[in-house]
Amino acid sequence: MKGSRQAIAELLRARKYPEVLVTFGAHRKTVRSLRSLLYAEEALVKWRAVSMFGWLAAERADLIAHEVDRLIWSLNDEAGSIGRGAAECLGEIGRKNIGLVQHGVDVVIHYIEDPETCRPPNRNTEILLGVLWALGRLGGGKPMRVQKVMPVLLSFTEDPEPAVRGHAAWSLGQIGGPEAKDRLNRLTQDAGVTLLYENDELNEKAVAAIAQEALAHLNR
Amino acid sequence: MANHKLRKTPLLDDLQKGPWPSFVKDMKQIAVRKPMVNDLLGQLELSYKERVGHWKHGGLVGVIGYGGGVIGRYSDAPEQFPDVAHFHTIRVNQPSGWFYTSQALRDLCDIWEAHGSGMTNMHGSTGDCVFLGTTSEELEPIFAKLTEKDWDLGGSGSDVRTPSCCNGMARCEYACYDTMDVCYNITMEYQDELHRPAFPYKWKFKFSGCPNDCVASIARSDLSVIGTWRDDIRIDQAAVKAYADAGMDIRADVTRKCPTACMRYDGKEIHVNNKQCNRCMHCINAMPKALRPGKDTGATILIGGKAPIIEGALLSSVLVPFMKMDKADDYQEFKDLMERIWDFWDDHGVNRERIGECIERVGLGNFLEAIEVDPKPEHVKHPRTNPYIFYEEYFEDDGTDA
């Protein structure tokens, strides 16, 4: 499988999602390789695998319907970082085909509500960033889906880690609402920097810039 | 002398009494230099006092690029025991057969002494060398030092687990195939799957060189590979006589204990009806100088073993009665079989369902058909006594109309 994984990674770098199925076949074996790319050391490949899951949700839901339960469970797997990329995938799949992840929305929400998993000293920041990002994808255009978690989400704009503040800001910009604008205004001078995946690209961005763009988006 | 105040542990102290080795004694020795172990003793004492465990799962932890290999553990009383607020376990992929050089053991211990509690479990039931107790911040430095010395992490969680094997041909004359070579080969073959989970759920390989199954593969692995032979048990009748001359009651201690009654002793020699032998190993274990496995050796592949989690415990059952474990062919027949099983499981397994449970749900017949294995009598549970199984001769035409 190693060879196919590397070749799929190459296609993902080039954003050639349909070609992955054309080259390796529209079957679960291909999804299996995609699953393992969620653990790729190269962050862009991991994120593009997330995007590919979203693309499949829109184009070939039958290929990934069985993956959703696994993703949900992996967020609670006690071993290692099995849950890496799971929240992001649930968010992206939900954005493209909410019918596939109805139960997954609650799991993502529960994850961020649990202080054990999301607050220092025990939290895994990478997983938390994925959950914040997923909430943005799930709530974008459909704020009611994540409305109940808004107070918790707002609180992360005051987090000591800039990456957490930046992702919370981005998420609030997707979801919107008067409280979101208020918090975003407070971040427009934030000098922190984070890596952020948006529009299929992974870029380093200042928290202030994320907040300003989010506000512009919400005021449009 | 410790720079920290040692915990009082009156209940644990009781475990130091008696003639057996005590883990409390070992931990107390380490606690003098390691505050983490001192707090571990304190928390354990509290657990004995309250009869409640004080570990919790907490947040996900791991190293970048790997899905498994680390198990997050946190204290639920970090204010009382701050040095075990984090107490993560690291699984290190053990060498096949658990052979280490003394230098390798020193390397491992030096890394662990510098970055963890200093306590190890050699070895965990998974087979790994287990490092017990470290903090989230130390995970990446430990991983860097391990890989610098050519070690790697083992598997954990919903993932291929570290394959393990008996020490086979290295130390045991019963080994019917090279377990250590197969184990290493399969570990390398599934290296990606071990570290970047791609299997539907847990998957354990274990390799035993003979039917004694010293790694208990039949009970502890999804795919058990147990050495066997398909020709005749080798008999040295002179050695049989020597056993008898030395006072062994061969009828009472050997032949009458054969579960299939396939052997007899005529007072001078042992005779075996090899077609009836079910490889229980009793006779060979009892008379190792007189009886040996045959020369045409390979392995029986069994599938479906697991401990109870969702369904009850399952023992592996026979999938392929005999397979040559062919090193020259890079064990390709075994790998091809494995790929077909994986494809089937990926397509038909439901969430958190081990392969044994999946086979029980879909039925063995459907499973065999899907993985292109012909049904055989060996697939039948207790084929000699199962009243629902009929053999062809049962239906032989007796000249009358049924």
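This is a chat about a predicted model with chains A and B.

Me: Let's begin with chain B, so how many helices and strands are there in chain B?
Reply: Chain B has 15 helices and 15 strands, and its C-alpha atoms fill a box of roughly 90 × 55 × 45 Å when that box is taken along the principal axes.

Me: And what share of chain B counts as buried?
Reply: Of the 402 residues of chain B, 50% count as buried. As for contacts within chain B between residues at least 6 apart in sequence, 64% of them join residues at least 24 apart.

Me: Ok, on to the sheets: what is the order of strands in the open sheet of five?
Reply: The order is β7-β8-β9-β14-β15, all in chain B, and the pairing in this open sheet is mixed.

Me: Which strands of it stand at the edges?
Reply: Those are β7 (164-165) and β15 (317-323) of chain B, and because each has a single partner strand, one side of each is left without a neighbour in the sheet.

Me: What about β9 and β14 of chain B, in which sense do they pair, parallel or antiparallel?
Reply: Strand β9 (residues 223-229) and strand β14 (residues 297-303) of chain B pair in the antiparallel sense, over seven bridges. Within that pairing, B:I226 of chain B stands opposite B:T300 in β14(B).

Me: Switching to β4 of chain B, which strands are joined to β4(B) by bridges?
Reply: Strand β2 (residues 70-71) of chain B is joined to β4(B) by two bridges, and the two run antiparallel. Strand β6 (residues 129-132) of chain B is joined to β4(B) by four bridges, and that pair also runs antiparallel.

Me: Which residues are bridge partners there?
Reply: On the β2 side, B:V70 has B:I90 in β4(B) as its bridge partner, while B:R91 has B:V130 in β6(B) as its bridge partner.

Me: And where do the residues of β4(B) point, and are they buried or exposed?
Reply: B:T89 and B:R91 point one way from strand β4 (residues 89-92) of chain B, whereas B:I90 and B:V92 point the other way, and all of them are buried.

Me: What comes after that strand, say around B:S96?
Reply: B:S96 lies in the loop between β4 and α4 (102-115) of chain B, and because its relative accessibility is 18%, B:S96 counts as buried, the cut-off being under 20%.

Me: What does B:S96 touch?
Reply: Not counting residues up to four places away in sequence, B:S96 touches B:C165, B:M180, B:C183 and B:Y184. Two of these also have backbone atoms facing polar atoms of the B:S96 side chain: the backbone oxygen of B:M180 lies 3.1 Å from one, and the backbone nitrogen of B:Y184 lies 3.5 Å from one.

Me: New topic, the interface: how many residues of chain B are in contact with chain A?
Reply: There are 39 residues of chain B in contact with 33 residues of chain A, and the two chains bury about 2900 Å² between them, with 45% of that on carbon and sulfur atoms.

Me: Which three residues of chain B supply more of that area than any other three?
Reply: They are B:L60, B:D346 and B:N351, which supply 22% of the area that chain B buries against chain A.

Me: How many salt bridges are there across the interface?
Reply: The rule finds six across the interface of chain B and chain A. One of the salt bridges is formed by A:R32 with B:D343, where the closest N and O atoms are 2.8 Å apart.

Me: Which element of chain B gives the most to the side that touches chain A?
Reply: That is α13(B), with five residues. By class, the side of chain B that touches chain A has 14 nonpolar, 14 polar and eleven charged residues.

Me: Last, chain A: where does A:T157 lie?
Reply: A:T157 lies in the loop between α11 (150-155) and α12 of chain A, and at 5% relative accessibility A:T157 counts as buried. The side chain of A:T157 reaches the backbone oxygen of A:L154 at 2.6 Å.

Me: And where is A:I175?
Reply: A:I175 is in helix α12 (residues 162-175) of chain A, and at 7% relative accessibility A:I175 counts as buried. Leaving out residues up to four places away in sequence, A:I175 touches several residues, including A:L135, A:P143 and A:M150.

How values were computed. Residues numbered from 1 in each chain as written. Chains lettered and ligands numbered in written order. Predicted model: local features only at pLDDT ≥ 70, side-chain atom pairs only at ≥ 80, totals over all residues. Heavy atoms only, no water. Buried < 20%, exposed > 50% of the residue type's maximum accessible area, 1.4 Å probe, protein only. Pairing = 2+ DSSP bridges. Contact = heavy atoms within 4.5 Å. Buried area = accessible area lost by both parts, 1.4 Å probe. Salt bridge = Lys/Arg side-chain N within 4 Å of Asp/Glu carboxyl O. Nonpolar A, V, L, I, M, F, W, Y, C, P; charged D, E, K, R; others polar. Polar contact = N/O pair within 3.5 Å; in protein donor to acceptor, adjacent residues only side chain to side chain.
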